[in-house]
Amino acid sequence: MRLLIASQIDGGAEAELRSRHDVVSRIGASEPDLAEAARDRHAIVFRSGVSLGAPVLHAPDLRLLVRAGSGLDNLDMQTVSARGIELRRVPGPGAQAVAELTFAHLLALARQLPRADRLLREGHWAKGELDAYNLHGKTLGVIGLGSIGSRVAELGRAWGMRVIGCVDRPSDPRRLEFARRGIELLADCGDVLEQADFVTIHVPLVPSTRGLIGSAELARMKPTAFLVNMARGGVVDEGALLTALTEGRLAGAGLDTHVREGEGADSPLASLPNVTLTPHIGAATIAAQREIGRQVVAIVDGFSREHSL
Ligand code: MLT
């Protein structure tokens, strides 16, 4: 099968694909470059950080798209459906890794790790100057309780937190199912924002979630609360977040996903000491990427056999 790899995947998986298929690699290329590279390809493997719009998806032989992860916000779904291109995702293996990085942000914010580290390297022993909080006993608010959000919620329970959350379509059966796992499903995300000491966001970026957390929503949070965005940059209004943080209406924020991403993309929040920033690495653990890679290879091999490509 003729394959285009548009994003970095596990090295072992790429080597396996190369051993059985005709592979071209254009990691993180611009959309026009991807369109050029995709012209004779049967399949594209991709992650976040590339844009797959109509120019790429109109490649005449294109039959399969493999999302080596979860989000589909960088894919023109209308063209995918119109052209009948098969789309396969591998959402499962990244969930634990994203949930663990969520806790890295929560702990870094609660214990001021970046500041403590910086001051110590500067030769200053800041013991006694660093306000710090336990996670235990606090309320964790999870916006979006899908595979990642519910894993974060379970970890929150393990840390001794009260865990509340909200979903797109709450129902009594779902409320009961979450209650069995010690998670309180609230009817309204606004109530989650108001009650939580730590809010984490785990929703896909779709039209209804773009700007989900803006100035009105931030105003509902406690001034002592922390916000962590592990979802997509567009879900949080970064300008409104910057204002809330500089005016002291929020204690701090952690962001793994940003409105502008990629080399040279600087965050408007980068100058604030009570903000932790990571470059969209939620799912980027060796174990998660190895398992995603294994599943990508299985999908490509299966499709190739089934369609004699
Ligand atoms: C995902 O949606 O799976 C994550 O953003 C991971 C990635 O593709 O880098």
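This briefing describes helices, strand pairing, nonpolar cores and selected loop residues in the structure above. The structure is a predicted model, in which local features need pLDDT of at least 70 and side-chain atom pairs count only at pLDDT 80 or more, whereas totals for chains, interfaces and linings use all residues. Residues are numbered from 1 along each chain as its sequence is written, and side-chain values use heavy atoms, with hydrogens and water left out. Helices (H or I, at least four residues) and strands (E, at least two) are DSSP runs, numbered from the N terminus.

**Helix H1 and its strands**

- Helix H1 spans residues 11-20, and its buried residues (buried means under 20% relative accessible area, exposed over 50%, partly exposed in between, with a 1.4 Å probe and protein chains only) are Ala13, Glu14 and Leu17.
- Seen down the axis of H1, these buried residues fall within an arc of 100 degrees, so they line one face of the helix; the arc is that of the directions from the helix axis to the C-beta atoms.
- An α-helix has 3.6 residues a turn, so residues three or four places apart point the same way.
- The face of H1 turned away from its buried side carries the exposed residues Gly11 and Ser19.
- The buried residues of H1 pack against strand S1 (2-5), strand S2 (22-25) and helix H12 (286-306).
- At the N-terminal end of H1, aspartate 10 acts as a cap, with a side-chain oxygen 3.2 Å from the backbone nitrogen of glycine 12.
- S1 and S2 run parallel and are joined by 4 bridges, where two strands pair if DSSP finds at least two bridges between them; arginine 2 stands opposite aspartate 22 in S2.
- From S1 the chain crosses through H1 to S2 in a right-handed β-α-β crossover, right-handed meaning that, with the strands pointing away from the viewer, the path from the first strand over the helix to the second runs clockwise.
- S1 also pairs in the parallel sense with strand S3 (residues 43-46) over 3 bridges, and leucine 4 stands opposite isoleucine 44 in S3.

**Nonpolar cores and helix H11**

- The largest nonpolar core (a set of buried Ala, Val, Leu, Ile, Met, Phe, Trp, Tyr and Cys residues joined through side-chain atoms within 4.5 Å) has 29 residues, and those with the most contacts inside it are Ile201, Leu218, Leu227 and Leu241.
- Strand S7 (162-166), helix H9 (189-195), strand S9 (198-201), helix H11 (238-246) and strand S11 (252-255) each supply at least two residues of this core, and the largest share, 4 residues, comes from H11.
- Apart from this core lies another, of 24 residues, among them Leu140, Leu145, Ala153 and Phe178.
- Leaving aside neighbours within four places in sequence, leucine 241 is in contact (heavy atoms within 4.5 Å) with Leu218, Leu227, Val236, Leu250, Ala253, Leu255 and Leu269.
- The buried residues of H11 are Glu238, Ala240, Leu241, Ala244 and Leu245, and they cover an arc of only 155 degrees around the axis, which puts them on the same side of H11.
- These buried residues of H11 pack against H10, S10, S11 and S12.
- Aspartate 237 caps the N-terminal end of H11 through a side-chain oxygen that lies 3.0 Å from the backbone nitrogen of glycine 239, while glycine 248, just after H11, takes a positive phi of about 75 degrees.

**Buried polar residues in loops**

- Arginine 232 sits in the loop between strand S10 (226-229) and H11, where arginine 232 is buried with a relative accessible area of 13%.
- Leaving aside neighbours within four places in sequence, the residues in contact with arginine 232 are Ser48, Arg67, Gly71, Asp73, Leu205, Thr257 and His280.
- Histidine 202, in the loop between S9 and helix H10 (215-220), is buried with a relative accessible area of 11%.
- The side chains of histidine 202 and threonine 200 are joined by a polar contact of 2.8 Å; a polar contact is a pair of N or O atoms within 3.5 Å, of which, within protein, one must be able to donate a hydrogen and the other to accept it, and residues adjacent in sequence count only if both atoms are side-chain atoms.

**Positive phi values outside glycine**

- Most residues other than glycine have a negative phi, and most peptide bonds are trans.
- Glutamine 112, in the loop between helix H5 (94-111) and helix H6 (113-121), has a positive phi of about 55 degrees although it is not a glycine.
- Histidine 280, in the loop between strand S12 (275-277) and H12, has a positive phi near 50 degrees and is partly exposed, with a relative accessible area of 21%.
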